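Me: I would like to go through this model step by step. Please keep the answers short and end each one on what was asked.

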Amino acid sequence: MTIYQRTLSRPVACTGIGLHSGRRINLCLRPAEPDTGVVFKRTDIPDSPLIPGDVNAVVSTEMCTTVGSGGACVATVEHLMSALAGVGVDNVLVEVDAPEIPVMDGSSAPFVFLLKHTGLKSQDQPRKYFAVRREVCVSEGDKFLKVLPADHFSVDYTIEFDHPLIRRQRMVYSQKNGSYDRQLSRARTFGFLSEFRRLQEANLALGGSLDNAVVVDDYRVLNDDGLRFDDEFVRHKVLDFVGDMALVGRPIMGAFVAHKSGHALNNKLFRKFLADPQAWQLVSPEAAPLDFEAAGALAMPQQAVA
Ligand SMILES: [Zn+2]
């Protein structure tokens, strides 16, 4: 059984606030031809330049992942990229009228909802996967990230923060133990109150609020409703990782181990992986490997949700 590429059945749009600018942003996702991948279009700039959603187009990993091309860029692409990979969308044109993707509630659940609402369709080209052929590793001080050969995707992710609410959290994520939708999509981005104040003084994170992030002070979570998961922090880091990985352009069959990784180290690994032709082989598996699509497809409603 060949696995085919997928795109959206029809366009879908939403509006949200930009985390950095605090501005209202319009986002529209449109179906795209097979082998397009994810392409961003800045509709607020003359001639509406296109920017590839590609690891080699990443121009900044400060606070979020930013892709750019020819002077135009789009920041905070990781949560949308994560939702697209999680639901199993290969090809899409992302139109946005600002230099950043709206932050929504700080998770990828609103994007997953949009994708399910509009529905997906199979295309006539097979989906290709990167099969990992040998270990690739990057490190920086006590942080490291590596990938090993495996017949499906998994990630074993550990974070450590010197904070009483977080300390050490670990998540082993694969399709064997659950779906993207239930396990990852609702985990929100998080920040520390002291850091948040410093950013706002520097005119950054102007759209940041308790509506789109988990904010912690020295001892507690400031959000009235508390956490969505006891280990929401590490779940969000896995959500981010899936988004950064999606910039590789095809799903990866490999076992990742991440220790205190973040956008910068993620991007470093994926660039190194792609640049090493001995590290991977493109395959079109006959049987669906345990990747995101299986869960995404199963959870896909037949009718559009109201
Ligand atoms: Zn994030």
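Me: In which handedness does α5 pass α6?
Reply: This is a predicted model. The axes of α5 and helix α6 (residues 263-275) come within 10 Å and cross at roughly 35 degrees. At that crossing, the way α5 passes α6 is right-handed.

Me: Which residues of α6 do D240, F241, D244 and M245 in α5 meet?
Reply: Contact here means heavy atoms within 4.5 Å. By that rule, the four residues of α5 meet three partners in α6, namely H263, N266 and F270.

Me: Which protein residues are the donors of the zinc ion?
Reply: Donor atoms lie 2.1 to 2.7 Å from the zinc ion. Their spacing along the chain is H-x156-H-x3-D. D240 is listed with OD twice, and the other two donors are NE2 atoms, so to speak by residue, the list is H79, H236 and D240.

Me: Is the site of the zinc ion tetrahedral or irregular?
Reply: Four donors count as tetrahedral if all angles lie between 85 and 135 degrees. Among the 4 donor atoms of the zinc ion, the angles run from 53 to 148 degrees. That range goes outside the limits, so the site is irregular.

Me: How many residues apart in sequence are the parts that H79 and D240 tie together?
Reply: H79 and D240 are both donors of the zinc ion. H79 lies in helix α1 (residues 78-87), while D240 lies in helix α5 (residues 232-246). Both residues are buried. Because they sit in these two helices, the pair ties together parts whose separation in sequence, in residues, is 161.

Me: Is α1 roughly parallel or roughly perpendicular to α5?
Reply: The axes of α1 and α5 are 7 Å apart, and the helices pack at an angle of about 80 degrees. Angles of 65 to 115 degrees count as roughly perpendicular. Therefore α1, relative to α5, is roughly perpendicular.

Me: Which residues of α1 meet α5?
Reply: On the α5 side, the contacts include H236, L239 and D240. Further along α5 they include V242, G243, D244 and A246. Their partners in α1 are E78, H79, M81, S82 and A85.

Me: Is α1 oblique or roughly perpendicular to α2?
Reply: The axes of α1 and helix α2 (residues 109-118) come within 8 Å and cross at roughly 45 degrees. The crossing of α1 past α2 is right-handed. Because of its crossing angle, α1 relative to α2 is oblique.

Me: Which residues of α2 do H79, L80, A83, L84 and V87 in α1 meet?
Reply: α2 has 7 of its 10 residues buried, so the rest of the structure largely encloses it. Its buried residues are A109, F111, V112, L114, L115, K116 and T118. Those that the α1 residues meet are F111, V112 and L115.

Me: How far apart in space are A109 and A83, C-alpha to C-alpha?
Reply: A109 is in helix α2. In sequence, A109 and A83 are 26 residues apart. C-alpha to C-alpha, their distance in space is 7.5 Å.

Me: Is R188 buried or exposed?
Reply: R188 lies in the loop between α3 (180-183) and β16 (190-192). Beyond four places away in sequence, R188 touches residues including D105, N223, L227, E232 and H236. Its relative accessible area is 8%, and under 20% counts as buried. So R188 is buried.

Me: Is D224 buried or exposed?
Reply: D224 is found in the loop between β17 (214-216) and α5. Its C-alpha is 36 Å from that of L93, and the two are 131 residues apart in sequence. The relative accessible area of D224 is 78%, which means that it is exposed.

Me: What is the phi of M63, given that M63 is not a glycine?
Reply: Most residues other than glycine have a negative phi. M63 is found in the loop between β6 (58-60) and β7 (66-69), and it is partly exposed, with a relative accessible area of 42%. The phi of M63 is positive, at about 70 degrees.

Me: What is the phi of D35?
Reply: D35 is found in the loop between β3 (24-31) and β4 (38-42). At 52% relative accessibility, D35 counts as exposed. D35 is not a glycine, yet its phi is positive, at about 65 degrees.

Methods: Residues numbered from 1 in each chain as written. Predicted model: local features only at pLDDT ≥ 70, side-chain atom pairs only at ≥ 80, totals over all residues. Heavy atoms only, no water. Donors = N, O, S within 2.8 Å, 3.2 Å for Na, K, Ca; no water. Tetrahedral: all angles 85-135°; square planar, octahedral: opposite > 155°, others 65-115°. Buried < 20%, exposed > 50% of the residue type's maximum accessible area, 1.4 Å probe, protein only. Axes fitted to C-alpha atoms, helices over the stretch in contact; angles between N-to-C directions. Parallel < 35°, antiparallel > 145°, perpendicular 65-115°, else oblique. Left-handed = near helix turned anticlockwise from the far one by under 90°.
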